[in-house]
Amino acid sequence: MDAPSDLVRRLRDRFVETGYTIDGVRERLGDMAASALAREEVVPALRATRDADPLAALIRLWWLGVPVSMAAADLPLQDLIEAGLLVRLGDSVQATVHLQPWDTGTGDPAYVVSDRKVRPGDPSLRPDHVVGAGGASANLAQLGWTAPVGRALDLGTGCGVQVLHLAPRAEDVVATDVNRRALRLARLSWGLSGVTGVEAREGSMYDPVDGERFDLVVSNPPFVIAPEARYTYREAGRRGDEFCRDLVRRTPRHLAQGGHARFLANWLHVKGEDWQDRVGGWLAETGCDGWAVQRDVQDPAEYVELWLRDSAEHGTSAYRERYDEWLGWFESMDVTGVGFGWIALHDSGSLGPLVRVEEMTQPVEPPSGALVEEVLRAARTAHELSDEDLLDARLKPAEGVVEERVGQPGADDPSRIVLRQTSGARRTVTVGTVEAALAGVCDGDLPTRPLLAAIAELTGEDPDAVLRDAPAVLRSLISEGFLRVASPR
């Protein structure tokens, strides 16, 4: 499956000429079929491509995975067959890989090559199956966004999709994977996308880059927590969530000064243990500033069902047995749920590293990677200011913060006051009358202390009590990005 560079170039030229691009496919399929395809439902797309025009043939052959007549394919068929990308079925050909256009946000055509999608009724996945790009890939690409960097590492590159996002803004890119087939398909992805100069290395975890440091490390690792490692793309064969913990712990020795790491991860919720303490402990061991965000949590049954569907095992004879075994394994470890989210590390050089762990289920403004430095900077500011510094600081609302008041129609006072971020992390927080009044009048010109004293007088609150309680509230509002320090004392 190692296609000659000339063949790869000719194939790319044919794709672009025919319109086999993200925009071209969306326009050709229409909204309904494109939306269904995003849900892995192919029937509307098959109906939309029944006409044997060149673009329809490419969509059916490379994306939908159905046989196409040799005449309709209009490709260098013999060369593609010899390269192992097509097989002949009488007067038709069928792709041996899944090859789809991908949106990198640059406007340049890009393509991702992987193993064909497996659906219920298909043969079982091979252990070295190479999964294609999807929602998790897009999420990591958003999280991995940073300013231009020198050296970047895609740890566990799989089909190579993250490299397509790294290449435009990194001087050098190294990609690793334990799966040799993955590296072969990744090279095809890069070649078809016009990406050159990527150094691909085979090996597990950080072994292929021992002793090297990078300005940016990204990884969509094999984080699935399972009783055995059946598929290299998703399971590492470690007990519980030890793989993700080890990944976090080993990363700092591979970060250059000021370097960043951005990962997707799973972690366990264990009976009698706070998951935030568990994941926060991983981060605290690194010596780096760290931010862990839980985007979703599933109970053990939901989790097992998700990954058995992922490998197209729902409805097979082994489904119930594997389901039961997996649940029993979770039960033996007192697992109550599994969290999914992201972990970001920053080698800030600080002698007192900052760790923030939180749950955020709301949509955030893309790219999510742009939030990392902003969130860590705000949390550090709030952490380092003393109570007196907070009271003497000049504060102002962060850009995009709005106030919402909830109450019965005609009521004199609201039952609840909410501050909402309309951009960035898009957090919300319920505040009291004093905090709401402060957010409404602080503009960075006056220190907080006299503003609070004036608010206490207007609201009839005890001024001493307001000043005593304010630092804790202010520290939280600054840390979560609702207020910013215009200038400390």
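**Helix packing, cavities and backbone oddities**

H17 and H18 are oblique to each other, because an angle between 115 and 145 degrees counts as neither roughly perpendicular nor roughly antiparallel. In this predicted model, the two helices pack at about 130°, and their axes are 10 Å apart. The crossing of H17 and H18 is right-handed. On the H17 side, Thr448, Arg449, Leu452 and Ala456 make the contact, and they meet Pro463, Val466, Leu467, Ala470 and Leu474 of H18. Sorted by class, the contact of H17 with H18 comes out as seven nonpolar residues, one polar and one charged.

H17 (residues 448–459) also packs against H16 (residues 433–441), here at an angle of about 125° and with the axes 10 Å apart. H16 and H17 are therefore oblique to each other as well. Their crossing is right-handed. What does each helix bring to this contact? H16 supplies Thr433, Val434, Ala437, Leu438 and Val441, while H17 supplies Thr448, Leu451, Leu452, Ile455 and Thr459. The class count for H16 with H17 is seven nonpolar and three polar residues, with no charged ones. Two H17 residues turn up on both sides of the story: Thr448 and Leu452 touch H16 and also take part in the contact with H18.

H18 (residues 463–479) has a further partner in H14 (residues 369–384), and the axes of this pair come within 7 Å and cross at roughly 165°. That makes H14 roughly antiparallel to H18, since the angle is over 145 degrees. The crossing of H14 and H18 is again right-handed. From H14, the residues in contact are Val375, Ala378, Ala379, Thr381 and Ala382, and from H18 they are Arg475, Ile478 and Ser479. By class, this contact of H14 with H18 splits into five nonpolar, two polar and one charged.

Turning to empty space, a search of the whole structure picks up three cavities of 30 Å³ or more. The largest cavity has a volume of about 90 Å³. It is lined by 15 residues, and those closest to its centre are Val224, Ile225, Arg238, Gly240 and Phe243. Broken down by class, the lining of the largest cavity has nine nonpolar, two polar and four charged residues.

The second largest cavity has a volume of about 70 Å³. Its lining consists of Ala226, Pro227, Glu228, Arg230, Glu235, Leu308, Arg322, Glu325 and Trp326. Which helix gives the largest share of that lining? H13 (residues 319–332) does, with three residues. In class terms, the lining of the second largest cavity divides into four nonpolar and five charged residues, with no polar ones.

Finally, the backbone has a couple of spots worth a look. Most residues other than glycine have a negative phi, and most peptide bonds are trans. Against that background, the peptide bond from Pro366 to Pro367 is cis, with omega near -5°. Pro367 sits in the loop between strand S13 (355–359) and H14, the helix that packs against H18. The other spot is Asp334, which has a positive phi of about 60° although it is not a glycine. Asp334 belongs to the loop between H13 and strand S12 (335–346), and H13 is the helix that gives three residues to the lining of the second largest cavity.

Methods:
Residues are numbered from 1 along each chain as its sequence is written. This is a predicted model: local features need pLDDT of at least 70, side-chain atom pairs count only at pLDDT 80 or more; totals for chains, interfaces and linings use all residues. Side-chain values use heavy atoms; hydrogens and water are left out. Axes are lines fitted to C-alpha atoms, for helices over the stretch in contact, and angles run from 0 to 180 degrees between N-to-C directions. Helices (H or I, at least four residues) and strands (E, at least two) are DSSP runs, numbered from the N terminus. Angles under 35 degrees count as roughly parallel, over 145 as roughly antiparallel, 65 to 115 as roughly perpendicular and the rest as oblique. A crossing is left-handed if the near helix is turned anticlockwise from the far one by less than a right angle, and right-handed if clockwise. Contact means heavy atoms within 4.5 Å. Ala, Val, Leu, Ile, Met, Phe, Trp, Tyr, Cys and Pro count as nonpolar, Asp, Glu, Lys and Arg as charged, and the others, Gly among them, as polar. On a 1 Å grid over the protein atoms alone, a cavity is a set of points where a 1.4 Å probe fits but cannot get out, and a pocket is an open set with protein on both sides within 12 Å along at least five of seven lines; lining residues have an atom within 4 Å of a point. Grid points are joined across faces, edges and corners, and a volume is the space filled by probe spheres set on the points.
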